[in-house]
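Biologist: Could you take me through one part of this model up close? I'd love to hear how the helices there pack against one another, and what their contacts are made of.

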Amino acid sequence: MPKHVRRTLREIYDRMAAHFGPTHWWPGDSPFEIAAGAILTQNTAWTNVEKAIENLKRAKKLSPRAILECDDDVLHELLRPSGYFRVKAIRLRIFCKHLMAHYGGDMAQMAKRPLEELRTELLGIAGIGPETADAILLYAGGLPTFVVDTYTHRVLARHGWVGYEADYHEI
């Protein structure tokens, strides 16, 4: 993407952030809860993720350490409402292991990394794709990035900044 487009997008972002302030659009009581929600929402409706998050809270398992120490069968049952619960348990644990190993489980420490470096790092974690990485960066880390969805693609394409055929990576 050309530098002038990046500058324009950054200006739009800064103006919107100044005007609207924190929107708290992605629900969660902590950055870790938001990151866990981003992982759990893959291939399911948010209402199902809310049930799984509530299960984790009720069981006092909504922390990186608690998830890593949790028995497989227990974690599977807690995550069951989110669908694909066995796969999601693995993905959530892989993220937690990374967070513990590199940042002592501290999302604020993780968010101090430069945006592009952290995005590349997150994409290197099994089970975290571009949309999930961007959701974690933006909503849990408070970093200036966009989660590309149909509406983002449409706006950028209509301004001629990307082609209508552009994929997530190009956008």
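Modeller: Happy to; here is a walk through some of the helix packing, with a stop at one buried arginine on the way.

Please keep in mind that this is a predicted model. Let's start with helix α5, which spans residues 72–79. Its buried residues are L75, H76, L78 and L79. These four lie on the same side of α5, because the arc they cover around the axis is only 165 degrees. What do they pack against? The buried residues of α5 meet four helices: α2, α3, α4 (64–69) and α6 (85–103).

One of those partners, α6, holds the arginine I mentioned, R93. Is R93 buried or exposed? Its relative accessibility is 15%, and buried means under 20%, so R93 counts as buried. Setting aside neighbours within four places in sequence, R93 is in contact with I67, L68, C70, D71, D72 and L75. L75 will be familiar to you, as it is among the buried residues of α5.

Two other partners of α5, namely α2 and α3, also pack against each other. Helix α2 covers residues 31–40 and helix α3 residues 46–58, and their axes are 10 Å apart at an angle of about 135 degrees. That angle makes α2 oblique to α3, and the crossing is right-handed. On the α2 side, the contact is made by E33, A36, G37 and L40. Facing them from α3 are W46, V49, A52, I53, L56 and K57. Sorted by class, the residues of this contact are seven nonpolar, one polar and two charged.

While we are looking at helix pairs, let me add α8 and α9. Helix α8 runs over residues 115–123 and helix α9 over residues 130–140; their axes come within 9 Å and cross at roughly 135 degrees. This makes α8 oblique to α9, and here too the crossing is right-handed. From α8, the residues taking part are L115, L118, R119, L122 and L123. From α9 come P130, A133, D134, I136 and L137. The contact of α8 with α9 counts eight nonpolar residues, no polar ones and two charged ones.

If you want a place to begin on screen, try L75: this residue is buried in α5 and is also in contact with R93. From there you can turn to α2 and α3, which the buried residues of α5 pack against, and follow their right-handed crossing.

Methods: Residues are numbered from 1 along each chain as its sequence is written. This is a predicted model: local features need pLDDT of at least 70, side-chain atom pairs count only at pLDDT 80 or more; totals for chains, interfaces and linings use all residues. Side-chain values use heavy atoms; hydrogens and water are left out. Axes are lines fitted to C-alpha atoms, for helices over the stretch in contact, and angles run from 0 to 180 degrees between N-to-C directions. Angles under 35 degrees count as roughly parallel, over 145 as roughly antiparallel, 65 to 115 as roughly perpendicular and the rest as oblique. A crossing is left-handed if the near helix is turned anticlockwise from the far one by less than a right angle, and right-handed if clockwise. Contact means heavy atoms within 4.5 Å. Ala, Val, Leu, Ile, Met, Phe, Trp, Tyr, Cys and Pro count as nonpolar, Asp, Glu, Lys and Arg as charged, and the others, Gly among them, as polar. Buried means under 20% relative accessible area, exposed over 50%, partly exposed in between (1.4 Å probe, protein chains only). The arc is that of the directions from the helix axis to the C-beta atoms.
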